[in-house]
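Subject: Structure for you to look at

Dear colleague,

I am passing on the structure we spoke about, and below it I have set out what was found. Please keep it open while you read, since the notes go from one part to another.

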Amino acid sequence: MASTGAASIAAYLRRWGHEVAFLRVGSDEPSDAIASRVHDSAPDILALSLTSRQWPRARSLVAAVREEIDLPVIAGGLHPTFAPEQVLSAAGFDYVCIGEGEEPMLDLLEALERGEQEPAISNVWVRGGLRPAIRPPFEPIDDLPFMARDLLDEQHGVVHMATQRGCPFPCSFCAARIYGELYRQAGHVYGRRRSHRNVLDELLEIRERDGLSYVIFLDDTFTIHRPWVREFCRDYGARLRAPFSLNARVETVSEEMIQLLAEAGCRHIVYGVESGSPRIRQEVMRRPVENRRFKDVFRWTREAGITVTANYMIGLPGESREDLEQTLRLAEELDAFDFGCFAFYPYPGTDLFRVCRDSGYLPGDYGERPVNDRESILDLPGLAREEIAEYHDRFTALRERTQLARRAAAGQVHERARPA
Ligand code: B12
Ligand code: SF4
(Lines give C-alpha, C1' and ligand atoms only; values in the text may rest on other atoms or scores of the structure.)
(Ligands and ions follow the chains in the order given, each with its own letter.)
Protein backbone atom coordinates (compact mmCIF):
# COMPACT_ATOMS: atom_id res chain seq x y z
CA MET A 1 0.00 0.00 0.00
CA ALA A 2 1.24 3.51 -0.73
CA SER A 3 1.46 5.29 2.59
CA THR A 4 2.12 8.60 0.95
CA GLY A 5 1.62 10.95 3.90
CA ALA A 6 4.06 8.97 6.04
CA ALA A 7 6.55 8.69 3.15
CA SER A 8 6.44 12.46 2.69
CA ILE A 9 7.11 13.07 6.39
CA ALA A 10 9.93 10.49 6.32
CA ALA A 11 11.64 12.31 3.45
CA TYR A 12 11.35 15.62 5.26
CA LEU A 13 12.80 14.22 8.50
CA ARG A 14 15.70 12.65 6.60
CA ARG A 15 16.44 16.01 5.04
CA TRP A 16 17.05 17.24 8.59
CA GLY A 17 19.27 14.31 9.49
CA HIS A 18 16.86 11.93 11.22
CA GLU A 19 16.70 8.19 10.59
CA VAL A 20 13.29 6.79 9.66
CA ALA A 21 12.04 3.25 9.17
CA PHE A 22 8.57 1.89 8.38
CA LEU A 23 7.11 -0.98 10.32
CA ARG A 24 4.67 -2.95 8.17
CA VAL A 25 1.99 -4.68 10.16
CA GLY A 26 0.35 -7.83 8.85
CA SER A 27 -3.46 -7.82 9.07
CA ASP A 28 -3.52 -10.89 11.34
CA GLU A 29 -0.12 -10.47 12.98
CA PRO A 30 -0.55 -10.78 16.78
CA SER A 31 -0.02 -7.60 18.79
CA ASP A 32 2.72 -9.12 20.97
CA ALA A 33 4.74 -10.11 17.87
CA ILE A 34 4.46 -6.54 16.58
CA ALA A 35 5.40 -5.17 20.00
CA SER A 36 8.59 -7.23 20.02
CA ARG A 37 9.45 -6.07 16.50
CA VAL A 38 9.15 -2.48 17.75
CA HIS A 39 11.25 -3.39 20.75
CA ASP A 40 13.96 -4.95 18.55
CA SER A 41 14.24 -1.95 16.26
CA ALA A 42 14.61 0.34 19.32
CA PRO A 43 13.12 3.56 17.90
CA ASP A 44 13.19 6.87 19.79
CA ILE A 45 9.55 7.50 18.86
CA LEU A 46 6.68 5.51 17.37
CA ALA A 47 4.60 7.43 14.81
CA LEU A 48 1.36 6.09 13.37
CA SER A 49 -0.48 7.29 10.28
CA LEU A 50 -4.14 6.37 10.63
CA THR A 51 -7.40 6.32 8.75
CA SER A 52 -10.61 5.68 10.70
CA ARG A 53 -10.66 2.03 9.66
CA GLN A 54 -7.23 1.50 11.11
CA TRP A 55 -8.12 3.10 14.43
CA PRO A 56 -9.58 0.12 16.37
CA ARG A 57 -6.54 -2.06 15.56
CA ALA A 58 -4.08 0.77 16.20
CA ARG A 59 -5.54 1.36 19.63
CA SER A 60 -5.00 -2.20 20.83
CA LEU A 61 -1.61 -2.36 19.14
CA VAL A 62 -0.29 0.75 20.84
CA ALA A 63 -1.50 -0.54 24.21
CA ALA A 64 0.44 -3.78 23.60
CA VAL A 65 3.56 -1.92 22.45
CA ARG A 66 3.54 0.34 25.48
CA GLU A 67 3.46 -2.70 27.77
CA GLU A 68 6.63 -3.94 26.10
CA ILE A 69 8.56 -0.70 25.65
CA ASP A 70 8.25 2.81 27.02
CA LEU A 71 8.58 5.29 24.19
CA PRO A 72 6.69 8.38 23.01
CA VAL A 73 3.84 7.68 20.59
CA ILE A 74 2.31 10.13 18.12
CA ALA A 75 -0.57 9.55 15.70
CA GLY A 76 -1.40 11.63 12.64
CA GLY A 77 -3.47 11.38 9.47
CA LEU A 78 -7.18 11.69 8.77
CA HIS A 79 -8.55 9.96 11.85
CA PRO A 80 -6.37 11.61 14.52
CA THR A 81 -6.92 14.97 12.80
CA PHE A 82 -10.69 14.76 13.11
CA ALA A 83 -11.06 12.63 16.24
CA PRO A 84 -8.08 13.85 18.30
CA GLU A 85 -9.81 13.60 21.68
CA GLN A 86 -10.71 9.98 21.02
CA VAL A 87 -7.10 9.13 20.15
CA LEU A 88 -5.60 11.04 23.07
CA SER A 89 -7.95 9.38 25.54
CA ALA A 90 -6.75 5.91 24.52
CA ALA A 91 -3.94 4.26 26.47
CA GLY A 92 -0.44 4.82 25.14
CA PHE A 93 -0.95 7.83 22.83
CA ASP A 94 1.07 10.89 23.91
CA TYR A 95 0.62 13.23 20.95
CA VAL A 96 -1.73 13.77 18.02
CA CYS A 97 -0.80 15.71 14.92
CA ILE A 98 -3.65 17.75 13.50
CA GLY A 99 -3.29 18.41 9.77
CA GLU A 100 -0.04 18.31 7.80
CA GLY A 101 2.77 16.53 9.54
CA GLU A 102 6.15 17.41 8.02
CA GLU A 103 7.12 20.50 10.05
CA PRO A 104 5.24 19.59 13.27
CA MET A 105 6.93 16.18 13.36
CA LEU A 106 10.36 17.76 12.94
CA ASP A 107 9.61 20.30 15.68
CA LEU A 108 8.47 17.51 17.99
CA LEU A 109 11.62 15.44 17.41
CA GLU A 110 13.79 18.46 18.13
CA ALA A 111 11.83 19.27 21.28
CA LEU A 112 12.15 15.68 22.52
CA GLU A 113 15.88 15.79 21.81
CA ARG A 114 16.05 18.87 24.02
CA GLY A 115 14.30 16.88 26.74
CA GLU A 116 10.94 18.69 26.51
CA GLN A 117 8.13 16.20 27.10
CA GLU A 118 5.21 18.61 26.72
CA PRO A 119 6.35 21.12 24.13
CA ALA A 120 4.06 23.82 22.72
CA ILE A 121 4.15 23.10 18.98
CA SER A 122 1.48 24.19 16.58
CA ASN A 123 -0.49 21.24 15.14
CA VAL A 124 0.75 18.91 17.91
CA TRP A 125 -1.78 18.19 20.62
CA VAL A 126 -0.08 16.92 23.77
CA ARG A 127 -2.08 14.47 25.90
CA GLY A 128 -3.67 16.42 28.73
CA GLY A 129 -2.85 19.77 27.09
CA LEU A 130 -4.88 22.32 25.16
CA ARG A 131 -5.83 22.04 21.50
CA PRO A 132 -2.90 23.53 19.53
CA ALA A 133 -2.96 26.32 16.97
CA ILE A 134 -2.85 25.28 13.31
CA ARG A 135 0.16 26.60 11.39
CA PRO A 136 -0.15 27.56 7.71
CA PRO A 137 0.31 24.64 5.31
CA PHE A 138 3.81 24.03 3.94
CA GLU A 139 4.64 26.55 1.19
CA PRO A 140 5.79 26.40 -1.53
CA ILE A 141 4.77 22.78 -1.87
CA ASP A 142 7.47 22.21 -4.52
CA ASP A 143 10.05 22.68 -1.75
CA LEU A 144 9.00 19.47 -0.03
CA PRO A 145 11.42 16.63 -0.73
CA PHE A 146 10.16 13.78 -2.92
CA MET A 147 8.56 10.94 -0.96
CA ALA A 148 10.92 8.39 0.64
CA ARG A 149 10.16 5.70 -1.93
CA ASP A 150 12.53 3.15 -0.50
CA LEU A 151 10.01 2.86 2.35
CA LEU A 152 7.07 2.11 0.05
CA ASP A 153 6.63 -1.38 -1.31
CA GLU A 154 6.31 -0.33 -4.94
CA GLN A 155 7.16 -3.07 -7.40
CA HIS A 156 7.71 -3.61 -11.10
CA GLY A 157 8.09 0.09 -11.78
CA VAL A 158 4.50 0.91 -10.71
CA VAL A 159 4.69 4.16 -8.72
CA HIS A 160 2.23 6.27 -6.74
CA MET A 161 2.17 10.05 -7.06
CA ALA A 162 0.36 12.84 -5.27
CA THR A 163 0.38 16.15 -7.16
CA GLN A 164 -1.94 18.18 -4.97
CA ARG A 165 -3.31 18.63 -1.49
CA GLY A 166 -6.90 19.55 -0.86
CA CYS A 167 -10.11 19.38 -2.88
CA PRO A 168 -12.44 22.33 -3.53
CA PHE A 169 -15.70 20.35 -3.70
CA PRO A 170 -18.23 20.23 -0.85
CA CYS A 171 -19.18 16.51 -0.71
CA SER A 172 -20.87 15.92 2.62
CA PHE A 173 -19.44 12.42 3.15
CA CYS A 174 -15.83 13.22 2.36
CA ALA A 175 -13.04 13.27 4.91
CA ALA A 176 -10.55 14.77 2.47
CA ARG A 177 -12.47 18.01 1.90
CA ILE A 178 -12.65 18.86 5.60
CA TYR A 179 -8.89 19.28 5.65
CA GLY A 180 -9.59 22.45 3.68
CA GLU A 181 -12.24 23.41 6.19
CA LEU A 182 -9.84 22.88 9.11
CA TYR A 183 -7.29 25.22 7.57
CA ARG A 184 -9.92 27.74 6.47
CA GLN A 185 -11.15 28.05 10.06
CA ALA A 186 -7.56 28.75 11.10
CA GLY A 187 -7.33 31.49 8.43
CA HIS A 188 -5.18 29.50 5.96
CA VAL A 189 -5.68 28.12 2.46
CA TYR A 190 -4.98 24.40 2.22
CA GLY A 191 -5.45 23.67 -1.52
CA ARG A 192 -2.12 23.63 -3.39
CA ARG A 193 -0.76 21.88 -6.43
CA ARG A 194 2.81 21.05 -7.34
CA SER A 195 4.18 22.50 -10.57
CA HIS A 196 4.32 20.19 -13.62
CA ARG A 197 8.03 20.58 -13.59
CA ASN A 198 8.32 19.34 -10.01
CA VAL A 199 6.05 16.34 -10.69
CA LEU A 200 7.90 15.44 -13.89
CA ASP A 201 11.30 15.88 -12.25
CA GLU A 202 10.30 13.34 -9.62
CA LEU A 203 9.02 10.87 -12.22
CA LEU A 204 12.09 11.28 -14.41
CA GLU A 205 14.32 10.73 -11.40
CA ILE A 206 12.45 7.51 -10.56
CA ARG A 207 12.68 6.33 -14.17
CA GLU A 208 16.41 6.95 -14.17
CA ARG A 209 17.02 5.28 -10.81
CA ASP A 210 14.54 2.39 -10.58
CA GLY A 211 12.73 2.19 -13.90
CA LEU A 212 9.13 3.27 -14.41
CA SER A 213 6.33 1.26 -16.01
CA TYR A 214 3.07 2.80 -14.73
CA VAL A 215 2.05 5.83 -12.67
CA ILE A 216 -0.94 5.82 -10.31
CA PHE A 217 -1.96 9.40 -9.53
CA LEU A 218 -3.54 9.31 -6.08
CA ASP A 219 -5.01 12.82 -6.12
CA ASP A 220 -8.66 12.90 -5.11
CA THR A 221 -9.60 14.76 -8.29
CA PHE A 222 -6.72 14.93 -10.72
CA THR A 223 -8.77 16.88 -13.27
CA ILE A 224 -9.36 20.13 -11.37
CA HIS A 225 -7.54 23.23 -12.75
CA ARG A 226 -7.96 22.66 -16.47
CA PRO A 227 -4.93 24.75 -17.50
CA TRP A 228 -2.72 22.67 -15.17
CA VAL A 229 -4.05 19.44 -16.68
CA ARG A 230 -3.61 20.72 -20.25
CA GLU A 231 -0.01 21.71 -19.63
CA PHE A 232 0.67 18.51 -17.73
CA CYS A 233 -0.59 16.43 -20.69
CA ARG A 234 1.69 18.31 -23.05
CA ASP A 235 4.84 17.95 -20.90
CA TYR A 236 4.15 14.41 -19.68
CA GLY A 237 3.30 13.23 -23.19
CA ALA A 238 6.49 14.75 -24.56
CA ARG A 239 8.91 13.74 -21.80
CA LEU A 240 7.58 10.57 -20.19
CA ARG A 241 4.62 8.89 -21.87
CA ALA A 242 4.45 6.08 -19.27
CA PRO A 243 0.86 4.80 -18.94
CA PHE A 244 -1.02 6.21 -15.97
CA SER A 245 -4.30 6.16 -14.06
CA LEU A 246 -6.14 8.85 -12.12
CA ASN A 247 -9.29 9.72 -10.16
CA ALA A 248 -11.77 12.25 -11.56
CA ARG A 249 -15.20 13.78 -11.15
CA VAL A 250 -17.38 13.89 -14.22
CA GLU A 251 -18.06 17.63 -13.79
CA THR A 252 -14.36 18.45 -14.11
CA VAL A 253 -13.63 16.77 -17.45
CA SER A 254 -14.51 17.60 -21.04
CA GLU A 255 -14.31 15.46 -24.16
CA GLU A 256 -11.26 17.46 -25.20
CA MET A 257 -9.51 16.95 -21.85
CA ILE A 258 -10.12 13.20 -21.96
CA GLN A 259 -8.62 13.10 -25.44
CA LEU A 260 -5.55 14.99 -24.25
CA LEU A 261 -5.16 12.66 -21.26
CA ALA A 262 -5.42 9.62 -23.55
CA GLU A 263 -2.77 11.03 -25.87
CA ALA A 264 -0.44 11.65 -22.90
CA GLY A 265 -0.74 7.99 -21.83
CA CYS A 266 -3.81 7.81 -19.55
CA ARG A 267 -5.12 4.22 -19.51
CA HIS A 268 -7.55 4.18 -16.61
CA ILE A 269 -9.87 6.68 -14.92
CA VAL A 270 -11.79 6.05 -11.70
CA TYR A 271 -14.95 8.18 -11.43
CA GLY A 272 -16.94 8.65 -8.24
CA VAL A 273 -20.59 8.14 -9.26
CA GLU A 274 -21.67 7.42 -5.68
CA SER A 275 -25.44 7.19 -6.26
CA GLY A 276 -27.85 6.67 -9.13
CA SER A 277 -30.46 8.77 -7.37
CA PRO A 278 -30.21 12.45 -8.33
CA ARG A 279 -32.11 13.27 -5.13
CA ILE A 280 -29.55 11.54 -2.91
CA ARG A 281 -26.69 13.08 -4.83
CA GLN A 282 -28.15 16.57 -4.57
CA GLU A 283 -29.75 16.60 -1.14
CA VAL A 284 -27.58 14.23 0.88
CA MET A 285 -24.20 14.09 -0.83
CA ARG A 286 -24.05 17.67 -2.18
CA ARG A 287 -23.04 16.46 -5.63
CA PRO A 288 -25.56 18.05 -7.98
CA VAL A 289 -24.95 16.35 -11.31
CA GLU A 290 -27.31 14.72 -13.81
CA ASN A 291 -27.23 11.01 -14.71
CA ARG A 292 -26.92 12.11 -18.35
CA ARG A 293 -23.48 13.58 -17.55
CA PHE A 294 -22.13 10.24 -16.28
CA LYS A 295 -23.32 8.54 -19.46
CA ASP A 296 -21.66 11.13 -21.71
CA VAL A 297 -18.38 11.16 -19.80
CA PHE A 298 -18.19 7.37 -19.62
CA ARG A 299 -18.78 7.20 -23.39
CA TRP A 300 -16.09 9.84 -24.14
CA THR A 301 -13.64 8.01 -21.87
CA ARG A 302 -14.26 4.62 -23.50
CA GLU A 303 -14.08 6.13 -26.96
CA ALA A 304 -10.68 7.61 -26.07
CA GLY A 305 -9.48 4.06 -25.29
CA ILE A 306 -9.37 4.62 -21.51
CA THR A 307 -10.68 1.98 -19.09
CA VAL A 308 -13.43 3.29 -16.80
CA THR A 309 -14.01 2.27 -13.19
CA ALA A 310 -16.87 3.63 -11.08
CA ASN A 311 -17.40 3.83 -7.34
CA TYR A 312 -20.77 3.70 -5.58
CA MET A 313 -21.89 4.14 -1.99
CA ILE A 314 -25.00 2.64 -0.46
CA GLY A 315 -26.81 3.12 2.85
CA LEU A 316 -26.70 6.89 3.32
CA PRO A 317 -29.05 8.71 5.71
CA GLY A 318 -32.33 9.36 3.90
CA GLU A 319 -31.77 6.68 1.27
CA SER A 320 -34.64 4.36 0.37
CA ARG A 321 -34.85 1.06 -1.49
CA GLU A 322 -36.06 3.00 -4.51
CA ASP A 323 -32.86 5.13 -4.43
CA LEU A 324 -30.78 1.95 -4.27
CA GLU A 325 -32.70 0.49 -7.20
CA GLN A 326 -31.81 3.62 -9.17
CA THR A 327 -28.14 3.16 -8.27
CA LEU A 328 -28.20 -0.44 -9.44
CA ARG A 329 -29.93 0.58 -12.67
CA LEU A 330 -27.39 3.34 -13.32
CA ALA A 331 -24.49 0.96 -12.63
CA GLU A 332 -25.96 -1.46 -15.16
CA GLU A 333 -26.45 1.26 -17.76
CA LEU A 334 -23.02 2.82 -17.30
CA ASP A 335 -21.45 -0.61 -17.72
CA ALA A 336 -18.05 0.46 -16.35
CA PHE A 337 -15.21 -1.99 -16.85
CA ASP A 338 -15.25 -2.52 -13.10
CA PHE A 339 -16.84 -0.89 -10.09
CA GLY A 340 -16.61 -0.73 -6.32
CA CYS A 341 -19.64 -0.63 -4.03
CA PHE A 342 -19.13 0.48 -0.43
CA ALA A 343 -21.56 0.57 2.50
CA PHE A 344 -21.47 4.19 3.63
CA TYR A 345 -19.30 4.82 6.72
CA PRO A 346 -19.50 8.23 8.42
CA TYR A 347 -15.98 9.60 8.92
CA PRO A 348 -15.42 11.92 11.91
CA GLY A 349 -15.33 15.57 10.92
CA THR A 350 -17.62 15.20 7.91
CA ASP A 351 -21.06 16.77 7.66
CA LEU A 352 -22.72 13.37 7.36
CA PHE A 353 -20.93 12.20 10.50
CA ARG A 354 -22.64 15.05 12.36
CA VAL A 355 -26.01 14.17 10.80
CA CYS A 356 -25.61 10.53 11.84
CA ARG A 357 -24.48 11.42 15.36
CA ASP A 358 -27.14 14.08 15.97
CA SER A 359 -29.93 11.91 14.56
CA GLY A 360 -28.97 8.91 16.70
CA TYR A 361 -27.95 6.73 13.74
CA LEU A 362 -24.49 5.98 15.17
CA PRO A 363 -24.25 2.98 17.50
CA GLY A 364 -22.64 3.74 20.90
CA ASP A 365 -19.61 1.56 20.12
CA TYR A 366 -19.09 2.85 16.57
CA GLY A 367 -15.39 3.59 17.19
CA GLU A 368 -14.67 -0.02 18.10
CA ARG A 369 -16.68 -1.75 15.43
CA PRO A 370 -14.71 -3.39 12.66
CA VAL A 371 -15.67 -1.81 9.34
CA ASN A 372 -16.28 -3.61 6.11
CA ASP A 373 -17.62 -2.64 2.72
CA ARG A 374 -20.79 -4.78 2.93
CA GLU A 375 -22.27 -4.08 6.36
CA SER A 376 -23.35 -0.67 7.51
CA ILE A 377 -22.67 0.30 11.12
CA LEU A 378 -25.65 2.70 11.15
CA ASP A 379 -29.11 2.33 12.66
CA LEU A 380 -31.02 4.06 9.86
CA PRO A 381 -34.77 4.49 10.30
CA GLY A 382 -35.75 3.79 6.68
CA LEU A 383 -33.20 1.19 5.68
CA ALA A 384 -32.14 -1.83 7.74
CA ARG A 385 -28.55 -3.10 7.83
CA GLU A 386 -29.73 -6.36 6.22
CA GLU A 387 -31.21 -4.40 3.32
CA ILE A 388 -27.92 -2.58 2.74
CA ALA A 389 -26.06 -5.90 2.79
CA GLU A 390 -28.67 -7.34 0.40
CA TYR A 391 -28.01 -4.51 -2.07
CA HIS A 392 -24.27 -4.96 -1.64
CA ASP A 393 -24.75 -8.61 -2.62
CA ARG A 394 -26.79 -7.56 -5.64
CA PHE A 395 -23.99 -5.20 -6.69
CA THR A 396 -21.48 -8.03 -6.26
CA ALA A 397 -23.65 -10.30 -8.40
CA LEU A 398 -23.94 -7.61 -11.08
CA ARG A 399 -20.18 -7.17 -11.02
CA GLU A 400 -19.58 -10.90 -11.41
CA ARG A 401 -22.15 -11.14 -14.24
CA THR A 402 -20.55 -8.22 -16.09
CA GLN A 403 -17.03 -9.56 -15.65
CA LEU A 404 -18.05 -13.02 -16.84
CA ALA A 405 -19.90 -11.60 -19.83
CA ARG A 406 -16.87 -9.51 -20.71
CA ARG A 407 -14.49 -12.44 -20.49
CA ALA A 408 -16.90 -14.62 -22.46
CA ALA A 409 -17.06 -11.95 -25.17
CA ALA A 410 -13.28 -12.00 -25.24
CA GLY A 411 -13.42 -15.80 -25.65
CA GLN A 412 -11.80 -16.51 -22.30
CA VAL A 413 -14.61 -18.47 -20.62
CA HIS A 414 -15.30 -22.06 -21.53
CA GLU A 415 -18.89 -22.68 -22.64
CA ARG A 416 -19.70 -24.83 -19.56
CA ALA A 417 -18.39 -22.26 -17.07
CA ARG A 418 -20.93 -19.64 -18.12
CA PRO A 419 -23.73 -18.89 -15.67
CA ALA A 420 -27.16 -20.22 -16.64
C1 B12 B 1 -4.09 7.39 -1.61
C2 B12 B 1 -5.30 7.03 -0.79
C3 B12 B 1 -5.46 5.69 -0.49
C4 B12 B 1 -4.42 4.65 -0.87
C5 B12 B 1 -3.27 4.69 0.12
C6 B12 B 1 -3.67 5.09 1.54
C7 B12 B 1 -2.56 5.66 2.37
N8 B12 B 1 -2.44 5.16 3.57
O9 B12 B 1 -1.85 6.53 1.96
C10 B12 B 1 -5.27 3.34 -0.83
C11 B12 B 1 -5.77 3.04 -2.22
C12 B12 B 1 -4.59 2.10 -0.29
C13 B12 B 1 -6.45 3.77 0.03
C14 B12 B 1 -7.33 2.88 0.57
C15 B12 B 1 -8.42 3.28 1.34
N16 B12 B 1 -8.82 4.54 1.59
CO17 B12 B 1 -7.88 6.06 1.00
N18 B12 B 1 -7.23 7.69 0.35
C19 B12 B 1 -6.21 7.99 -0.35
C20 B12 B 1 -6.23 9.50 -0.67
C21 B12 B 1 -6.94 9.70 -2.01
C22 B12 B 1 -4.93 10.24 -0.72
C23 B12 B 1 -4.04 10.08 0.50
C24 B12 B 1 -2.83 10.88 0.26
O25 B12 B 1 -1.91 10.41 -0.35
N26 B12 B 1 -2.84 12.12 0.68
C27 B12 B 1 -1.68 13.01 0.54
C28 B12 B 1 -0.85 12.94 1.83
C29 B12 B 1 0.37 13.82 1.70
O30 B12 B 1 -1.67 13.42 2.86
P31 B12 B 1 -2.07 12.57 4.12
O32 B12 B 1 -2.08 11.12 3.83
O33 B12 B 1 -3.28 13.13 4.72
O34 B12 B 1 -0.84 12.84 5.12
C35 B12 B 1 -0.57 14.11 5.68
C36 B12 B 1 -1.30 14.39 7.00
O37 B12 B 1 -2.50 13.68 7.16
C38 B12 B 1 -0.30 14.09 8.05
N39 B12 B 1 -0.10 12.74 8.51
C40 B12 B 1 -0.47 11.58 7.99
N41 B12 B 1 -0.03 10.55 8.71
C42 B12 B 1 0.69 11.08 9.73
C43 B12 B 1 1.38 10.46 10.75
C44 B12 B 1 2.05 11.27 11.68
C45 B12 B 1 2.79 10.61 12.77
C46 B12 B 1 2.01 12.67 11.56
C47 B12 B 1 2.74 13.51 12.53
C48 B12 B 1 1.28 13.28 10.53
C49 B12 B 1 0.64 12.47 9.62
O50 B12 B 1 0.91 14.50 7.42
C51 B12 B 1 0.88 14.07 6.06
C52 B12 B 1 1.75 14.96 5.25
O53 B12 B 1 1.45 16.29 5.45
C54 B12 B 1 -7.09 10.01 0.52
C55 B12 B 1 -7.73 11.34 0.29
C56 B12 B 1 -6.87 12.44 0.85
N57 B12 B 1 -6.87 13.53 0.16
O58 B12 B 1 -6.22 12.34 1.86
C59 B12 B 1 -8.03 8.85 0.73
C60 B12 B 1 -8.55 8.58 2.12
C61 B12 B 1 -7.43 8.71 3.13
N62 B12 B 1 -8.98 7.14 2.07
C63 B12 B 1 -10.06 6.94 2.67
C64 B12 B 1 -10.68 5.68 2.69
C65 B12 B 1 -12.05 5.65 3.30
C66 B12 B 1 -10.05 4.55 2.17
C67 B12 B 1 -10.60 3.13 2.14
C68 B12 B 1 -11.37 2.73 3.37
C69 B12 B 1 -11.44 3.00 0.87
C70 B12 B 1 -12.13 1.68 0.76
N71 B12 B 1 -13.43 1.71 0.94
O72 B12 B 1 -11.50 0.67 0.54
C73 B12 B 1 -9.32 2.28 1.96
C74 B12 B 1 -8.84 1.75 3.30
C75 B12 B 1 -7.52 2.25 3.75
C76 B12 B 1 -7.21 1.79 5.15
N77 B12 B 1 -6.43 0.74 5.33
O78 B12 B 1 -7.68 2.36 6.10
C79 B12 B 1 -10.59 8.16 3.36
C80 B12 B 1 -10.23 8.13 4.84
C81 B12 B 1 -11.29 8.71 5.74
C82 B12 B 1 -10.96 8.46 7.16
N83 B12 B 1 -11.30 9.38 8.04
O84 B12 B 1 -10.44 7.46 7.52
C85 B12 B 1 -9.89 9.31 2.54
C86 B12 B 1 -9.67 10.60 3.28
C87 B12 B 1 -10.77 9.54 1.30
C88 B12 B 1 -12.02 10.36 1.56
N89 B12 B 1 -12.26 11.25 0.68
O90 B12 B 1 -12.76 10.22 2.47
N91 B12 B 1 -6.54 5.09 0.12
S1 SF4 C 1 -14.67 15.43 -5.06
FE2 SF4 C 1 -13.82 13.66 -3.99
S3 SF4 C 1 -12.18 14.42 -2.70
FE4 SF4 C 1 -13.37 16.20 -3.39
S5 SF4 C 1 -14.82 16.60 -1.75
FE6 SF4 C 1 -15.85 15.25 -3.19
S7 SF4 C 1 -15.42 13.14 -2.54
FE8 SF4 C 1 -13.99 14.52 -1.48
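Which residue stands opposite D338 of strand 12? Before the answer, please bear in mind that this is a predicted model. The residue that stands opposite D338 is T309, and the two strands concerned, strand 11 and strand 12, run parallel and are joined by 6 bridges.

The sheet

That pair belongs to an open sheet of 6 strands, whose order is 5-8-9-10-11-12 and whose pairing is parallel. Strand 5 (158-161) and strand 12 (338-343) form its edges, each of them pairing on one side only, and from one strand to the next the twist averages 20 degrees. Further in, strand 10 (residues 266-274) is paired with strand 11 (residues 307-314) in the parallel sense over 6 bridges, and if you would like a residue pair to look for there, Y271 has A310 in strand 11 as its bridge partner. Strand 8 (residues 214-217) and strand 9 (residues 244-248) also pair in the parallel sense, over 2 bridges, with I216 standing opposite S245 of strand 9.

The two domains

The domain assignment divides the protein into domain 1 (4-126) and domain 2 (154-339), and the centres of these domains, taken over C-alpha atoms, are separated by 30 Å. Where they meet, 5 residues of domain 1 are in contact with 8 residues of domain 2. On the side of domain 1 that touches domain 2, helix 4 (residues 78-82) contributes the largest share, namely 3 residues, and the residues of that side divide into 2 nonpolar, 3 polar and no charged.

Helix 4 also appears in another setting, as the buried residues of helix 7 pack against helix 4. Those buried residues of helix 7 (residues 177-185) are R177, I178, Y179, G180 and Y183, and just after helix 7 comes G187, which takes a positive phi of about 85 degrees.

The ligands

Why can ligand 1 be placed between the domains? The reason is that domain 1 (4-126) and domain 2 (154-339) both give residues to the shell around ligand 1, so ligand 1 lies between them. There are 35 residues around ligand 1, of which G5, S49, T51, G76 and G101 come nearest. At least two residues of this shell are supplied by each of helix 1 (4-15), strand 1 (46-49), strand 2 (73-76), helix 4 and helix 6 (102-113), and helix 1 gives the most, with 5 residues. By class, the shell around ligand 1 divides into 18 nonpolar, 12 polar and 5 charged residues.

Around ligand 2 you will find C167, F169, C171, C174, A176, R177, D220, T221, R249 and G272, a shell that has 5 nonpolar, 2 polar and 3 charged residues. One name in that list deserves a second look, for R177 is around ligand 2 and is also among the buried residues of helix 7.

If you go through the model yourself, you might begin with helix 4, which has a part both in the side of domain 1 that touches domain 2 and in the shell around ligand 1.

With best wishes

Methods:
Residues are numbered from 1 along each chain as its sequence is written. Chains are lettered from A and ligands numbered from 1 in the order in which they are written. This is a predicted model: local features need pLDDT of at least 70, side-chain atom pairs count only at pLDDT 80 or more; totals for chains, interfaces and linings use all residues. Domain bounds come from an automatic or database domain assignment. Two residues are in contact if their C-beta atoms, placed from the backbone, lie within 7 Å. Helices (H or I, at least four residues) and strands (E, at least two) are DSSP runs, numbered from the N terminus. Ala, Val, Leu, Ile, Met, Phe, Trp, Tyr, Cys and Pro count as nonpolar, Asp, Glu, Lys and Arg as charged, and the others, Gly among them, as polar. A residue is near a molecule or strand if its C-beta atom, placed from the backbone, lies within 6 Å of it. Two strands pair if DSSP finds at least two bridges between them. Axes are lines fitted to C-alpha atoms, for helices over the stretch in contact, and angles run from 0 to 180 degrees between N-to-C directions. A residue is buried if 20 or more other C-beta atoms lie within 10 Å of its own, exposed if 12 or fewer, and partly exposed in between; C-beta atoms are placed from the backbone.
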